[in-house]
Amino acid sequence: MAKKGNAGGVRGASGRRRWIKWIFLGPILAVLLIQLYFFVQVCWFVYFNPGSTSFMRQQLSELREANPNARLKHEWVPYERISDNLKRAVVASEDANFADHPGVDFDALERAYERNNRRHKVVGGGSTITQQLAKNLFLSGSRSYLRKGQEMIIAFMLESVMSKRRILEVYLNVVEFGRGVFGAEAAARYYFRTSAAKLAPNQAARLAVMLPNPRYYDRNRSTNYLIKRTNLIQRRMRAAELP
């Protein structure tokens, strides 16, 4: 009877150790599976254009709460059919070191971290174009260090399998330019009644300046900041390096 009791105790202890192991390993395995999912998706987008993004789906859901028949303004165009003016304007405004960094600009992140600490809240993330693409494709617009960490991981994935040219092409085709307006072609037609290929320097600069807060500037198109910033970016466009 004593032997049976001892055997039962050993089995019980072994079972408890297995549960403890899975309590610790389970979350790690779940995180790794999530990263694998993101990486598979990133590899797919090297060759195939995304039909929608997390941001698109979220905004379409919001629009359909008011209008069940609402649709997004979005039309994919290849890299060659997007004006170099817009490419240079977006790089100059959003990520001057785009051609050189590995997906994350650590100097910009440090400046953003210091700014957030001064204000005791997350007011800016120092995101590169690659990070913004990661966020738009897979994540949400919420501001937290956890989401920022995931954004950085996906950014490194993007840079590891995509060329800079492809990253910029996808970004310019999926980024939000206004309420329900996504991508360069839809933005060019919505704001200027032209195509993305024919955007003039001042038009391209204005669209680039709208990117940090596109819905606000969709409603407020003539603010002093927008005008001054547009003029500044137009001057900087000449020095912007494209992939």
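This tour visits six places in a predicted model, naming at each stop what to select and what is found there.

**Stop 1: a patch on the surface**

Begin by selecting Leu29, Leu33, Leu36 and Val40. Together these residues make up a nonpolar patch on the surface, and their combined accessible area is about 370 Å². Now keep Leu29 alone in the selection. Leu29 lies in helix H1, which spans residues 2-47. Its relative accessible area is 42%, so Leu29 is classed as partly exposed, a term that covers values between 20% and 50%.

**Stop 2: the largest nonpolar core**

In soluble globular proteins, nonpolar side chains tend to be buried together. In this model, the largest nonpolar core contains 56 residues. Which residues have the most contacts inside this core? They are Leu86 and Leu158. Select Leu86 and display its surroundings: setting aside residues up to four places away in sequence, Leu86 touches Leu172, Ala184, Leu199, Ala204 and Leu207.

**Stop 3: an enclosed helix**

Next, select residues 164-174, which form helix H7. Of its 11 residues, 10 are buried, and therefore H7 is largely enclosed by the rest of the structure. Among the buried residues of H7 are Lys164, Arg166 and Glu169, as well as Ile167, Leu168 and Val170. Leu172, already met as a contact of Leu86, is also one of the buried residues of H7.

**Stop 4: a residue in a loop**

Move to Thr128, located in the loop between helix H4 (106-119) and helix H5 (129-138). Is Thr128 buried or exposed? Its relative accessibility is 1%, so Thr128 counts as buried. Not counting residues up to four places away in sequence, Thr128 touches Asp95, His101, Gly103, Val104 and Asp105.

**Stop 5: an arginine in a helix**

Select Arg147, which belongs to helix H6 (residues 145-161). Arg147 has a relative accessible area of 12% and is therefore buried, as this term applies to values under 20%. Add Glu151 to the selection: the side chains of Arg147 and Glu151 make a polar contact at 2.6 Å. Apart from neighbours within four places in sequence, Arg147 is in contact with Lys135, Leu139, Ser140, Gly141 and Ser142.

**Stop 6: an arginine in a loop**

Finish at Arg193, in the loop between helix H8 (184-192) and helix H9 (201-210). Although Arg193 is not a glycine, its phi angle is positive, at about 55 degrees. Arg193 has a relative accessibility of 81%, so this residue counts as exposed, whereas Arg147, at the previous stop, is buried.

Key. Residues are numbered from 1 along each chain as its sequence is written. This is a predicted model: local features need pLDDT of at least 70, side-chain atom pairs count only at pLDDT 80 or more; totals for chains, interfaces and linings use all residues. Side-chain values use heavy atoms; hydrogens and water are left out. Patches are made of residues with over 30% relative accessible area and no salt bridge: like charges are joined within 9 Å, nonpolar side chains (Val, Leu, Ile, Met, Phe, Trp, Tyr) within 5 Å. Accessible areas come from the Shrake-Rupley method with a 1.4 Å probe; for residues, only the protein chains shown count as cover. A salt bridge is a side-chain nitrogen of Lys or Arg within 4 Å of a carboxyl oxygen of Asp or Glu. Helices (H or I, at least four residues) and strands (E, at least two) are DSSP runs, numbered from the N terminus. Buried means under 20% relative accessible area, exposed over 50%, partly exposed in between (1.4 Å probe, protein chains only). A nonpolar core is a set of buried Ala, Val, Leu, Ile, Met, Phe, Trp, Tyr and Cys residues joined through side-chain atoms within 4.5 Å. Contact means heavy atoms within 4.5 Å. A polar contact is a pair of N or O atoms within 3.5 Å; within protein, one must be able to donate a hydrogen and the other to accept it, and residues adjacent in sequence count only if both atoms are side-chain atoms.
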